[in-house]
Amino acid sequence: MEKSVEQLTLVKHKIGAAEREANRPDGSTVLVAVSKTFDAEHIRPVIEAGQRVFGENRVQEAQGKWPELKADFPDIELHLIGPLQSNKAKEAVALFDVIETVDREKIATELAREIERQGRALKLYVQVNTGSEPQKAGIEPREAVAFVKRCREVHGLAIEGLMCIPPADENPGPHFALLEKLAREAGLQRLSMGMSGDYELAVAFGATSVRVGSAIFGTR
């Protein structure tokens, strides 16, 4: 477990170096530590080392460990970075602070209803399927700007950024560039892009947050 704290320090160092290389201000990229598949005892040392932003893929798995951790560390910000099923919107709104995977009308409708009902102010991102991969969640790039507009104007959602997961077998650079272009067109400031294998490149393309799991926690 101390290994994960060492790795956390290394990842933060690399993010800082990538920011300087790209002439970006220190601290302009938020590290989202992806703790999916790891239990509370593995996560706790990383929290105690100062990390406060975490990402989880599944609502149900997160419900099993995060309520207690958030009670102990109230300043934690928890991101949902996996696909959201509409029947889990209620639980997701109750537990998460940021949902990065808004990608269709039905989810926008359910989230708007639950956010109003629960009185929570969530940060929301639209997920874009930059590689148009049929098996992957996310809105098509050509529909993204219009969808952001609908989320805001029709559903009253406060969309603050875009998120993508580039195809595993392609150079991620063009996908990061596309996401940045779409965000600019939609008038959005935040870009969630880059994972353990390419987060330094994502910083160069303007990522405001990177989602890093295995480079911190190792593989399961």
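**Close-up 1. Arg 20 and its salt-bridge partner.** Arg 20 is partly exposed in this predicted model, with 46% of its relative area accessible. Its partner is Asp 26: the two form a salt bridge, and their closest N and O atoms sit 3.5 Å apart. Asp 26 itself counts as exposed, at 56% relative accessibility. If you're keeping a tally, this is one of 18 salt bridges in the structure.

**Close-up 2. A salt bridge inside helix H6.** Here we're looking at Glu 110 and Arg 113, which form a salt bridge with 3.0 Å between the closest N and O atoms. Both belong to helix H6, which runs over residues 105-118. They are three residues apart there, so about one helical turn separates them. Arg 113 comes out as partly exposed, at 46% relative accessibility.

**Close-up 3. Glu 140 and Arg 142.** This view picks out another salt bridge, made by Glu 140 with Arg 142; take the closest N and O atoms and you get 3.4 Å. Arg 142 is exposed, its relative accessible area being 70%.

**Close-up 4. Lys 36 and the residues it touches.** Lys 36 sits in the loop between S1 and H2. The unreviewed UniProt entry annotates Lys 36 as "modified residue: N6-(pyridoxal phosphate)lysine". In the model, Lys 36 is partly exposed, with a relative accessible area of 35%. Leaving aside residues up to four places away in sequence, Lys 36 touches Gly 55, Glu 56, Asn 57, Glu 61 and Lys 65. Some of those names come back in the next view.

**Close-up 5. A salt-bridge network next to Lys 36.** Glu 56, Glu 61 and Lys 65 are tied together in a network of salt bridges. Each member of this trio is also among the residues that Lys 36 touches.

**Close-up 6. Phe 38 stacked on Phe 217.** The structure has three aromatic pairs. One of them is Phe 38 with Phe 217, a stacked pair whose ring centres are 5.2 Å apart and whose planes meet at 25°. This pair links distant parts of the chain, as its members are 179 residues apart. Phe 38 lies in the loop between strand S1 (30-34) and helix H2 (40-48), the loop that also holds Lys 36. Phe 217, for its part, belongs to helix H10 (residues 214-217). Both rings' residues, Phe 38 and Phe 217, are buried.

Note on methods. Residues numbered from 1 in each chain as written. Predicted model: local features only at pLDDT ≥ 70, side-chain atom pairs only at ≥ 80, totals over all residues. Heavy atoms only, no water. Salt bridge = Lys/Arg side-chain N within 4 Å of Asp/Glu carboxyl O. Buried < 20%, exposed > 50% of the residue type's maximum accessible area, 1.4 Å probe, protein only. Helix = DSSP H or I, 4+ residues; strand = E, 2+ residues; numbered from the N terminus. Phe/Tyr/Trp six-rings, centres within 6.5 Å; stacked < 30°, edge-to-face > 60°. UniProt positions renumbered as here; feature names shortened; annotations may be inferred. Contact = heavy atoms within 4.5 Å.
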